[in-house]
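Here is a friendly walk through the model shown below. Have the structure open as you read, and follow the residues from one section to the next.

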Amino acid sequence: MVGSTANGKTSAAKTATANSRPDHEVAVIGAGPGGIAAGVKLKKAGVTDFVIIERADEVGGSWNENHYPGLEVDIPSIAYQYSFARNPNWSRLFAPGAEVKQYHIDVARRFGLYPHIRFNTAVAGEEWDETNHRWNLHLEGGGVITARFVVSAVGAFISPKQDPGIPGLPDYQGKLQRPSDWDHEYDLTGKRVAIIGTGASSVQITPSIAGQVATLSVFQRTPVWCIPKPNPKIPAAVKAVLHTPGLQAATHGAVLVVIDGLLRVMSNAPMAVVRPTMRTVDAAAIRGYKGLLRLMVKDPQTRAGLTPNYGPIAKRPTANTGYLLSFNRDNVELVTTPIERFTEQGLRTTDGEEHAFDMIVLATGYNVFSDPETYTPGMVVGREGLDLGKFYTEHGLQAYESVSLPSLPNRWTLVGPYSWSGSGWHAFVEMTADHAVRAISEARRRGATFVAIRQDVQDEYHRKIYAHGEAMRFYLAELNAHVPTYYRNSQGDSTYIRPSGFFRARRGHRRFPFSDYQFEVLRPVIAKAKTNGSKTKSTRRARTGA
């Protein structure tokens with residue numbers, strides 16, 4: 001736990017000298033899409049003393065860590081990029097993973113972020129130092145980085161689930177593969193392979209390796225919605241058109257208008273209208289999907305197994321033309337019988353059947369930002385000992401405009417509770433980065449060392465956003481309560497999705513009143529000691545004006 005002396009370490013907060021200067025003005029945690037956005041925004045705001053702390057050896061976040069077969073972006077490439085670095089030269093409508101990774105590397109180089117990045121460095125815990133108005137970031141393996149302000153840009157998918165929730169994993173003697181750590185040196189040719197899971201990674205891996213392996217068994221707990229996704233190469237003529245100033249922005253903006261409208265209608269319509277409408281739409285969608293399956297999957301039993309019994313947005317929908325078609329291959333089978341345990345040779349299902357495999361792919365998901373369990377006790381400790389993990393467990397996930405909490409001053413989270421607003425990831429981490437940098441810039445203007453959202457403002461914001469989420473909670477926690485999904489967390493709440501719409505969210509981040517925050521400055525006070533007349537140094541806080 002941060003600040004604990006139980007393991008022989010001494011809390012940095014206890015040993016630091018009062019008023020000692022932090023190592024950096026700003027520390028950004030993570031060099032994925034959010035961290036790159038924050039770095040660019042900080043530089044544009046004139047902030048030069050910042051560090052980006054990255055646990056991996058390269059930028060890109062999940063696009064650096066994931067390099068499994070078939071990896072590609074699942075929304076059109078022109079919607080998956082920064083507004084300040086639009087790329088007219090994408091190779092395909094849905095760019096492959098290596099190209100998306102290279103895009104992030106190119107952006108980081110173009111904007112001069114590499115000198116600010118500290119690679120192969122993982123933050124184990126964050127601890128607020130009230131005496132010095134700064135954060136102490138405790139690193140894995142020892143060491144502390146101190147910073148006046150912290151921007152947490154760790155992303156939506158925090159870490160792969162190491163435990164698939166199936167007994168006996170250590171017993172298996174064959175090859176284990178994970179989407180986040182794929183071994184390309186392993187030869188799949190002629191191998192008996194299993195994939196556990198049918199999420200976004202599995203949907204891309206399955207058709208990519210089906211033609212190489214001897215047999216492929218896809219173990220499914222819940223059928224996934226998967227629509228065809230033609231992915232043509234982008235012709236040179238189209239690339240030339242995409243160079244037209246403003247064209248990509250206008251195209252992307254038009255799509256956001258539609259998505260924004262749908263979210264607004266859903267979050268503002270009377271529940272008496274929402275409930276029957278959602279039931280009707282889900283039923284119609286399922287009927288339509290059954291028709292698609294009849295066109296794409298030959299075997300009736302397999303079609304039945306691939307048919308969802310829940311609505312199309314209750315789980316993350318997927319898009320891949322080859323996934324459903326893979327089940328027409330003689331060497332590919334769908335297994336819907338639950339897995340009992342791992343064995344030395346493979347897997348045993350609950351019907352007692354033994355399945356032998358040379359390789360098993362664990363496509364079993366991630367620990368995501370919207371789950372309270374992701375925030376372990378001691379990970380983030382704020383004012384007066386507030387432990388973020390315990391707070392979220394007891395009070396539910398919440399944050400002002402998804403980025404800030406009163407007891408975590410000088411700290412903003414780019415992917416926080418109720419943050420995703422239906423856009424591509426870059427669009428929304430840009431606007432949350434705008435929020436953090438705007439608050440930091442105002443603190444610098446005032447000479448403030450302490451910035452915290454007011455408690456009354458946070459409480460009112462959470463009350464409103466929770467009320468707007470009633471329709472989404474009905475959809476995920478009642479109408480589709482039977483389906484496991486990371487859109488609904490263990491507390492039955494839908495903190496993944498922001499129900500207010502994209503444009504309202506963007507205005508909230510870019511135009512929030514500075515009066516919503518409390519700004520203070522830490523000033524030294526020189527006082528004479530009563531005993532011997534010597535002077536001692538202490539600190540006091542003073543609020544700043546507008």
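## Tyr323 and its neighbours

In this predicted model, Tyr323 touches Thr198, Ser202, Val203, Thr206, Pro207, Val218, Val224, Cys226 and Leu306, leaving aside residues up to four places away in sequence. Tyr323 also belongs to the largest nonpolar core, a set of 136 residues. Along with Val26, Leu113, Leu216, Trp412 and Tyr517, Tyr323 is among the members that touch the most others in that core.

Which helix gives this core its largest share? That is helix 12, residues 425-446, with 11 residues. There is also a second, separate core of 13 residues, and Leu169, Ala194, Ile339 and Leu362 are among its members. As background, nonpolar side chains in soluble globular proteins tend to be buried together.

## Helix 15 and its packing

Helix 15 covers residues 502-511, and its buried residues are Phe502, Phe503, Ala505, Gly508 and His509. What do these buried residues of helix 15 pack against? Their partners are helix 7 (247-268) and helix 12. Helix 12 is thus worth a second look, as it also supplies 11 residues of the largest nonpolar core.

## A five-stranded parallel sheet

If you turn to the strands, you will find an open sheet of five, in the order 8-17-9-10-13, with parallel pairing. Strand 8 (175-177) and strand 13 (332-335) are the edge strands, each pairing on one side only. From one strand to the next, the twist averages 20 degrees.

At one edge, strand 8 pairs with strand 17 (residues 359-362) in the parallel sense over three bridges. Leu176 has Ile360 in strand 17 as its bridge partner. Helix 5, residues 200-209, lies across strand 9 (192-196), strand 10 (215-219) and strand 17. The helix runs at about 165 degrees to strand 9, and angles over 145 degrees count as roughly antiparallel.

## A hairpin

Strand 14 (residues 339-342) and strand 15 (residues 346-349) offer a contrast in direction: they pair in the antiparallel sense, over three bridges. A hairpin of three residues joins strand 14 to strand 15. To find the pairing on screen, look for Arg341, whose bridge partner in strand 15 is Arg348.

## Where helix 13 meets helix 14

Helix 13 (residues 455-468) and helix 14 (residues 470-479) have axes that come within 4 Å and cross at roughly 50 degrees. How are the two helices oriented to each other? They are oblique, because a crossing of roughly 50 degrees falls outside the ranges for roughly parallel, antiparallel and perpendicular.

On the helix 13 side, Tyr466, Ala467 and His468 make the contact, and they meet Glu470, Ala471 and Arg473 in helix 14. Sorted by class, this contact has three nonpolar, one polar and two charged residues.

## Two loop residues with positive phi

His133 has a phi near 55 degrees, a positive value in a residue other than glycine. You will find His133 in the loop between strand 4 (123-129) and strand 5 (134-139). Is His133 buried or exposed? His133 counts as buried, because its relative accessibility is 0% and the cut-off for buried is under 20%.

Asn410 is another non-glycine residue with a positive phi, about 60 degrees. Its place is the loop between helix 11 (388-395) and strand 20 (411-413). Asn410 has 0% relative accessibility and therefore counts as buried.

Notes
Residues numbered from 1 in each chain as written. Predicted model: local features only at pLDDT ≥ 70, side-chain atom pairs only at ≥ 80, totals over all residues. Heavy atoms only, no water. Core = buried A, V, L, I, M, F, W, Y, C linked by side-chain atoms within 4.5 Å. Buried < 20%, exposed > 50% of the residue type's maximum accessible area, 1.4 Å probe, protein only. Contact = heavy atoms within 4.5 Å. Pairing = 2+ DSSP bridges. Axes fitted to C-alpha atoms, helices over the stretch in contact; angles between N-to-C directions. Parallel < 35°, antiparallel > 145°, perpendicular 65-115°, else oblique. Nonpolar A, V, L, I, M, F, W, Y, C, P; charged D, E, K, R; others polar.
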